[in-house]
Amino acid sequence: MLELFKAIGLGLVVLLPLANPLTTVALFLGLAGDMNYAERNRQSMQASLYVFIIMTVAFYAGNAVMDTFGISIPGLRIAGGLIVAFIGFRMLFPQQQAGHSMEARHKLDELSERQTVNIAFVPLAMPSTAGPGTIAMIISGASTIRHSTEFSPWVLSVAPVLTFFAVSLILWGSLRSSGAIMRLVGKGGIEAISRLMGFLLVCMGVQFIINGVSEVITTWPGSS
C-alpha cells in the first residue's frame with residue numbers, strides 16, 4: 001500500500017505544476033461572476049469530470065495515436081519538453097492574465113450576451129487544466145511506466161487512474177473554494193505560486209528534451 005501511495009505522490013508532483021489548479025481558480029472567478037451558487041458548483045463538478053476523462057483517455061489511447069501517426073517516444077519527449085518549457089516560460093513571464101486568453105474572451109462574449117454558457121470543458125478543463133503540456137506528459141509517462149521495474153505491476157495499473165482522480169478532486173475542491181482561496185492567497189499570491197510552478201515546468205521541459213535527445217543518440221544507427 002505504501003508503494004501505491006508513493007506512485008500516486010510522484011504522479012501528483014509531475015502533474016500538478018502542469019495542471020496548476022490555482023490558475024484555473026483565477027480563470028473560474030473571472031468567468032463565473034454572474035453565476036449563482038448552484039451553477040458554480042455544477043460547473044466545478046463538470047470541469048473536474050472532464051479533466052479526469054481527458055487524462056484517462058490520453059493515458060490509455062495516447063500510444064495508439066502515436067503508433068497510428070508513426071510518432072516515436074523520443075520525438076514525443078522532445079516535443080512534449082518544448083511544450084512544457086514554453087508553458088513554463090509563459091507562467092514565469094506572463095504577458096496576459098488567465099482571464100484574457102482567447103478561449104476566455106469567447107466565453108466572456110457569450111456571457112455578456114446573456115447566453116447559457118458552459119465554461120466547464122472550455123476553457124476550465126482544456127486548455128487551462130488538461131492542456132497540451134499535461135497531455136504530452138501523460139502520454140510520455142504511459143510509455144515509460146510500462147517498462148518500469150520500480151513498482152509492482154498492480155501498482156502501475158492502479159496508480160495512474162487514482163492519480164488522475166486525485167488531480168480532479170483537487171481541482172474540484174479548489175473551484176468549490178475559489179472565493180476563499182482568492183481571499184486567503186490574493187491575486188499576488190496566485191501569481192507568485194504560478195511563477196514558481198512555471199520555473200519547475202521549465203526545468204521539467206528541459207529535462208524532457210535532454211532525455212529525448214539522449215535516446216535519439218543512443219538509438220542512432222552506428223552509435224555504440
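**A walk through an all-helix predicted model**

The largest nonpolar core holds 50 residues, and Ile-119, Met-137, Ile-138 and Val-167 touch the most other members. Eight elements can be named here: H1, H2, H3, H4, helix H6 (120-129), H7, H8 and H9 each give two or more residues to this core. Take Met-137 as a way in. Leaving aside neighbours within four places in sequence, Met-137 contacts Val-14, Leu-15 and Leu-18. Met-137 also contacts Val-84, Met-204 and Phe-208.

Now step back to the whole chain. This is a predicted model. The secondary structure comes to nine helices and zero strands. Read along the sequence, the pattern is α-α-α-α-α-α-α-α-α. The chain has 224 residues, and buried residues make up 42% of them. The accessible surface comes to about 12100 Å². Carbon and sulfur atoms account for 69% of that surface. Contacts reach far along the sequence. Among those between residues at least 6 apart, 87% join residues at least 24 apart.

How far can each part be trusted? The chain averages a pLDDT of 84. A score of at least 70 is reached by 89% of the residues. Confidence is lowest in helix H5, residues 102-112, with a mean of 57. Confidence is highest in helix H8, residues 153-176, with a mean of 95.

Next come the charged pairs. The structure holds three salt bridges. One of them joins the side chains of Lys-6 and Glu-150, at 3.7 Å from N to O. This pair links distant parts of the chain, 144 residues apart. Lys-6 lies in helix H1, while Glu-150 lies in the loop between helix H7 (132-145) and H8. Lys-6 has a relative accessible area of 47%, so Lys-6 counts as partly exposed. Glu-150 stands at 48% and is partly exposed.

Another salt bridge joins Arg-77 and Glu-215, with the closest N and O atoms 1.9 Å apart. Here too the pair links distant parts of the chain: Arg-77 is in helix H4 (residues 73-92) and Glu-215 in helix H9 (residues 178-219), 138 residues apart. Arg-77 counts as buried because its relative accessibility is 11%, under the 20% cut-off for that class. Glu-215, at 25%, counts as partly exposed.

The pair Arg-42 and Glu-39 is a local one. Their side chains meet in a salt bridge at 2.7 Å, N to O. Both sit in helix H3 (residues 37-69). They are three residues apart, so about one helical turn separates them. Arg-42 is partly exposed, with a relative accessible area of 38%. Glu-39 is partly exposed as well, at 22%.

Polar side chains deserve a look of their own. Which residue does the side chain of Asn-63 join through a polar contact of 2.8 Å? The partner is Ser-143. Asn-63 belongs to helix H3, and Ser-143 belongs to helix H7. Asn-63 is buried, because its relative accessibility is 17%. Ser-143 is buried too, with a relative accessible area of 8%.

The surroundings of this pair can be listed briefly. Beyond four places in sequence, Asn-63 contacts Ile-73, Ile-139, Ala-142, Ser-143 and Arg-146. On the same basis, Ser-143 contacts Asn-63, Met-66 and Ile-73. Ile-73 therefore appears in the contacts of Asn-63 and in those of Ser-143, under the heavy-atom limit of 4.5 Å. The backbone gives another distance. The C-alpha atoms of Ser-143 and Phe-59 are separated by 8.8 Å. Along the chain, these residues are 84 apart.

The last stop is a loop. Asn-20 is found between helix H1 (2-19) and helix H2 (21-31). Is this loop residue buried or exposed? Asn-20 counts as buried, because its relative accessibility is 3%. Its contacts lie elsewhere in the sequence. Not counting residues up to four places away, Asn-20 touches Met-91, Ser-194 and Met-197.

Terms used
Residues are numbered from 1 along each chain as its sequence is written. This is a predicted model: local features need pLDDT of at least 70, side-chain atom pairs count only at pLDDT 80 or more; totals for chains, interfaces and linings use all residues. Side-chain values use heavy atoms; hydrogens and water are left out. pLDDT is the predictor's confidence in each residue, from 0 to 100. Helices (H or I, at least four residues) and strands (E, at least two) are DSSP runs, numbered from the N terminus. Buried means under 20% relative accessible area, exposed over 50%, partly exposed in between (1.4 Å probe, protein chains only). A salt bridge is a side-chain nitrogen of Lys or Arg within 4 Å of a carboxyl oxygen of Asp or Glu. Accessible areas come from the Shrake-Rupley method with a 1.4 Å probe; for residues, only the protein chains shown count as cover. A nonpolar core is a set of buried Ala, Val, Leu, Ile, Met, Phe, Trp, Tyr and Cys residues joined through side-chain atoms within 4.5 Å. A polar contact is a pair of N or O atoms within 3.5 Å; within protein, one must be able to donate a hydrogen and the other to accept it, and residues adjacent in sequence count only if both atoms are side-chain atoms.
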